[in-house]
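Please look at the cavities of this model and at one of its loop residues, as set out in the briefing below.

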Amino acid sequence: MTDRDALSRRTVLGALASAGATSVAGCGALQGESDSEATEVEDDRAHELAAQFAPVLYFDEHEPWFPTDPRPFTSEQDGETVVTGFDALDGYHEQFTGDQPPNPTVFYNVVQYEDSPLAAVQFWMYSAFDQFTTNFHWHDWEVLHVFVDTDAVAPQLFVASSHSRKVPNNEFLDPDAESVPRILSELGSHSSALSLNDIADRFQRLPTGDSFADITNRPIETLEDIASIPLAYGLPRDEGRVLPYVLPELDGAPIYEDDRLPSVEQSDLVDQDLTIRSFDALSSPPTTLPERATGLVFDHEERGGDPDVAYSLVPTSEIEHITDFTGPQLSFEFAVPQFAEDAIAGHITTTGAPWGQPRYANPAADISEPAHRAALAERYDAIGAPSSVNTVVANVTEAVTTDDAPAGEGLTTQSSPVEAFVLLESEPEAAPTFGGIAALRDVPAGEHRLTVNGAGRAPHSETVAVEDGGDEVRPVTAAGVEGEIPLVARESATKLEVDSEGTDSDLTDLAVEDDFASRLYDAPLVGPDAVYVHRGGAYTTEVRDSDDEVGAFRVNPDPEADDGVRIDEPNTGKASLARFLADISDETRAEIAAVADSDGDDEDGTSGGGQGQTGGGQSNAVRGLAQALGAVAEAARRAAERAENGERGRADESLRTVVDRLNRVTERLSEARSDLPNGLGNATERRLEQATRRSEQARNADKL
């Protein structure tokens, strides 16, 4: 693998597939060929189909907003019937005085495709509010599409709506003919996971033993270690993941403090045990939030049985006179790391009426899995074949210190039980990770700035280039895992700033690499930039310019300092790389010399390494290694001075000396390795590899 291969992270979240097709909210980006026109089914037949496939709804025990009828909250504005956010939220809680939610209702709409037995039964569920962390809003419409072959009266496909058009819907192809959809509603957001397993109120992403799994969406194939995970919406808290909620604000204060919501109290929102004030109010991610447990179960009143709540089925035609669902802008701070101050991206919106969305007239527009659309297209001429779509995928992890390194000088990455949230600033619509996996669909071709944020974590941003080009996958390896983005707890984070002003190079790229965790950040650099890093790491910061010349700088954050680290005038070329070689050699020499100076202090005559040698032999090997590193630093400084003086030939001569002396360091390290503390020995090996690579870059550099 070349240096350039190792460095590029601009496609770290590489396109799963591509077509560049954009879509409006609710319109499927995967639709290639057009679908036939769909017309409404007559009332009696529509009700019959709706009653047959009416879903059973399972809600979280902490859910505050259940499917209700918006008609009691309507008002007239400018001659039109609307529902305002204040009227709906306050009116709902004013009515919700006992254990039974007010007016439990599910609306339905049934359409049939022209000259085809394929029909779609839509179930629309209205909630007065959505409090799902990054995209909460007034009003919340969720939909379940049941595609039915009316000749066989058999379901073909379930499509349950997810958080946004950026996240794949939860879909199931070819359910049993007699099956009734079971919806697991996400707390606060009402986004719909599907359950068709033996345990009705539990989400199962993958089969276990002989047990059936309810997800048939395609696996994530870009990330090798998680290639078997279906790319579908799930319930993270159902799988033991932590998903914190935040308090929505209106005019700078929590909504329950607003005078226009007299019936709404803090206890009416998502339970405080699951709620945080804001992402940056915590110094580290929360880990003790309760897992999901089922509360109320809803079922259609005509089905019988004994649900907790029986809901009414009402045709949407009875509420289509409502022209809009409105509300003022709510706010949530989504930090974006920039060179000076963190910026805020606004991305909270209201949803509007279902009958204004393309998927209302054409439910097939909501199919988010191309294999499912292809299956329906093969069976029914009314459905057009799918196109491909750009999808951005990444594995979000956390950076922590490792015991394999000296204290405070090395990191590793690990999965986190706490979910994060991702946002493309070009289309500011945040989406959650599921099991640490970020997947954003329908991304137009071009460059986008992706921000990853999470409770108690420092934010991360980088530029992602998405290209059209068929179904080719273009992931890049970072930190040993394709598409990995490690976040840092706020209490451990410090800002690493790079100011390119005043440099004599046209800088294009910035990368940060830890001695142990390898490449943590690599993205285009446009002017001044910054990235949050862990205080416990030891870093090589690299810049690259438009001529593909490289510069490197050693960064060792002070664990006790509040100030970040700043690199001024980060130039590229021989001098920069030689200065780096001198710095990393001096740094390692000092640590090894300290070990040599401490040899013989133990009562039994063994050193801190404790590997079996005693006295002077051990000390001599370690001192010899320190001296060899000092010789490298001396030659590297000389190379830097000569390069800065414009003496190319003499600089290259000094760099050849650096290479010879690095070879001597390799020999000395082999002799002294067993006498060094394990962490320092590991660090020396990794820094030697780094120095060898940088010395080769320095010798090959055209720029002085």
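The lining of the largest cavity holds 14 nonpolar, two polar and no charged residues, where Ala, Val, Leu, Ile, Met, Phe, Trp, Tyr, Cys and Pro count as nonpolar, Asp, Glu, Lys and Arg as charged, and the others as polar. This is a predicted model, in which local features need pLDDT of at least 70, side-chain atom pairs count only at pLDDT 80 or more, and totals for linings, chains and interfaces use all residues. Residues are numbered from 1 along each chain as its sequence is written, and side-chain values use heavy atoms, without hydrogens and water.

**Largest cavity**
- A cavity is a set of points on a 1 Å grid where a 1.4 Å probe fits but cannot get out, and its lining residues have an atom within 4 Å of a point.
- The largest cavity encloses about 130 Å³, and among its 16 lining residues Pro 486, Val 488, Val 531, Tyr 532 and Val 533 lie nearest the centre.
- Its largest share of lining, four residues, is supplied by E35.

**Second largest cavity**
- The volume of the second largest cavity is about 100 Å³, and Leu 231, Ala 232, Phe 434, Ile 437 and Ala 439 are the closest to its centre of the 14 residues that line it.
- Its lining comprises 13 nonpolar, no polar and one charged residue.

**Asp 515**
- Asp 515 is buried (under 20% relative accessible area, 1.4 Å probe), with a value of 11%.
- The Asp 515 side chain makes polar contacts (N or O atoms within 3.5 Å, one able to donate a hydrogen and the other to accept it) with the side chains of Arg 554 at 2.7 Å and Arg 687 at 3.0 Å.

Definitions and conventions. Buried means under 20% relative accessible area, exposed over 50%, partly exposed in between (1.4 Å probe, protein chains only). On a 1 Å grid over the protein atoms alone, a cavity is a set of points where a 1.4 Å probe fits but cannot get out, and a pocket is an open set with protein on both sides within 12 Å along at least five of seven lines; lining residues have an atom within 4 Å of a point. Grid points are joined across faces, edges and corners, and a volume is the space filled by probe spheres set on the points. Helices (H or I, at least four residues) and strands (E, at least two) are DSSP runs, numbered from the N terminus.
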